[in-house]
Amino acid sequence: MCGDAVEIVRAEETLIAVADGLGHGPEAADASQAFCRYVQDNASLGLEDIIMGASSEISRTRGVACGLLRIDASGKVMTFAGVGNIDVQAVSVNDIHPICMPGIVGQRVRKLQSFEYELHPGDLVAIYSDGISSRFDLGKFCHLAVQELADAILADYGKNHDDATCVVFRLAGETDDGRAPR
Ligand SMILES: [Mn+2]
């Protein structure tokens with residue numbers, strides 16, 4: 001069983017959740033899936049409220065590391081909040097380097113912080129669990145369509161002793177120089 005889980009809630013806004021249950025096997029999967037259910041049921045809350053609420057909701061489980069990424073209805077603003085070893089890389093005109101707070105959701109979360117960024121058409125963003133080595137350079141994969149890109153990152157940088165998750169999106173619309181992004 002995969003100890004990681006992903007939830008993507010698409011309404012006016014888009015919410016992407018990546019969770020890595022502590023350890024591996026069924027108990028890790030139980031934790032990450034419980035986290036994702038909470039996200040699905042509470043997708044309209046603020047990111048920090050989702051994480052705090054989930055932390056008490058899943059306290060009977062081993063707990064998870066998580067990353068939550070929201071793209072607003074305009075598609076122009078991205079917000080991120082996370083706990084533990086979930087990482088984000090982006091190729092954008094802006095510097096997008098959010099960090100996760102220390103802790104384990106479901107066990108102890110002391111402090112949360114969210115990060116807000118402006119997005120532009122063509123921006124490419126990857127959010128991934130620590131089963132993917134963070135040494136990869138997302139910019140080198142830019143020429144690929146998003147599914148191929150996620151597959152390539154998993155194939156080239158997935159660790160073989162951990163569950164691995166990688167979600168990639170590219171913002172649609174016309175880029176500033178008039179090119180349509182792939
Ligand atoms: Mn992991």
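Which residue in β4 is the bridge partner of Leu-68? I looked this up first and found that Leu-68 has Ala-81 as its bridge partner in β4. I note at the outset that the model is predicted.

**Entry 1. Overall layout**

I counted the secondary structure elements of the protein chain and obtained three helices and eight strands. I then read their order along the sequence, which is β-β-α-α-β-β-β-β-β-α-β. I compared the radius of gyration, 16 Å, with the 16 Å that the globule rule gives for 182 residues; the two are close, so the chain is as compact as a globular protein of that length. I took the extent of the C-alpha trace along its principal axes, which is about 50 × 35 × 25 Å.

I also recorded burial: 39% of the 182 residues count as buried. I then turned to contacts between residues at least 6 apart in sequence, and 64% of these join residues at least 24 apart.

**Entry 2. The sheet of five strands**

I traced the sheet that contains β4 and found five strands in the order β1-β2-β3-β4-β6. The sheet is open, and its pairing is antiparallel. I checked the edges: β1 and β6 stand there with a single partner strand each, so one side of each has no neighbour in the sheet. Neighbouring strands of this sheet are turned by 15 degrees against each other on average, direction ignored. For background, I recall that strands of a sheet pair through backbone hydrogen bonds, either parallel or antiparallel.

I went through the pairs in turn.

- β1 (residues 4–10) is joined to β2 by seven bridges, and the two run antiparallel. A hairpin of three residues links β1 to β2. Within this pair, Glu-7 stands opposite Ala-17 in β2.
- β2 is joined to β3 by eight bridges, again in the antiparallel sense. Here I found Arg-70 in β3 as the bridge partner of Leu-15.
- β3 and β4 are antiparallel over six bridges. Besides the pair that I looked up first, Leu-69 has Phe-80 in β4 as its bridge partner.
- β4 and β6 are antiparallel over five bridges. In this pair, Ala-81 has Ser-114 in β6 as its bridge partner.

I noted that Ala-81 is named in two of these pairings: with Leu-68 and with Ser-114 of β6.

I inspected the hairpin of β3 and β4 and found five residues between the strands. In its turn, Gly-75 has a positive phi of about 75 degrees.

**Entry 3. Burial within this sheet**

How many of the residues of β4 are buried? I found five of its seven residues buried, so β4 is largely enclosed by the rest of the structure. I then examined β2 (residues 14–21), which is mostly covered, with seven of its eight residues buried.

**Entry 4. Helices α1 and α2**

I followed α1 over the sheet: this helix lies across β1, β2 and β3 and runs at about 160 degrees to β2.

Which residues of α2 are buried? In this helix (residues 47–57) I listed Leu-47, Ile-50, Ile-51, Ala-54 and Ser-55. Viewed down the axis of α2, the buried residues fall within an arc of 130 degrees, so they line one face of the helix. The general rule is that an α-helix has 3.6 residues a turn, so residues three or four places apart point the same way.

I then asked what covers the buried residues of α2. The cover includes α1 (26–41), β3 (64–71), β4 (77–83) and β6 (114–118).

**Entry 5. The sheet of three strands**

I turned to the other strands and found an open sheet of three, in the order β5-β7-β8, with antiparallel pairing. β5 (87–91) and β8 (166–170) stand at the edges, each with a single partner strand, so one side of each is left without a neighbour in the sheet. The twist averages 15 degrees from one strand to the next.

I looked more closely at β7 (residues 124–128), which five bridges join to β8 in an antiparallel arrangement. Val-125 has Phe-169 in β8 as its bridge partner.

Finally, I located α3 (residues 146–157), which lies across β7 and β8. This helix runs at about 150 degrees to β8.

Notes:
Residues are numbered from 1 along each chain as its sequence is written. This is a predicted model: local features need pLDDT of at least 70, side-chain atom pairs count only at pLDDT 80 or more; totals for chains, interfaces and linings use all residues. Helices (H or I, at least four residues) and strands (E, at least two) are DSSP runs, numbered from the N terminus. The radius of gyration is taken over C-alpha atoms; the globule rule is 2.2 Å times the number of residues to the power 0.38. A residue is buried if 20 or more other C-beta atoms lie within 10 Å of its own, exposed if 12 or fewer, and partly exposed in between; C-beta atoms are placed from the backbone. Two residues are in contact if their C-beta atoms, placed from the backbone, lie within 7 Å. The arc is that of the directions from the helix axis to the C-beta atoms. Two strands pair if DSSP finds at least two bridges between them. Axes are lines fitted to C-alpha atoms, for helices over the stretch in contact, and angles run from 0 to 180 degrees between N-to-C directions.
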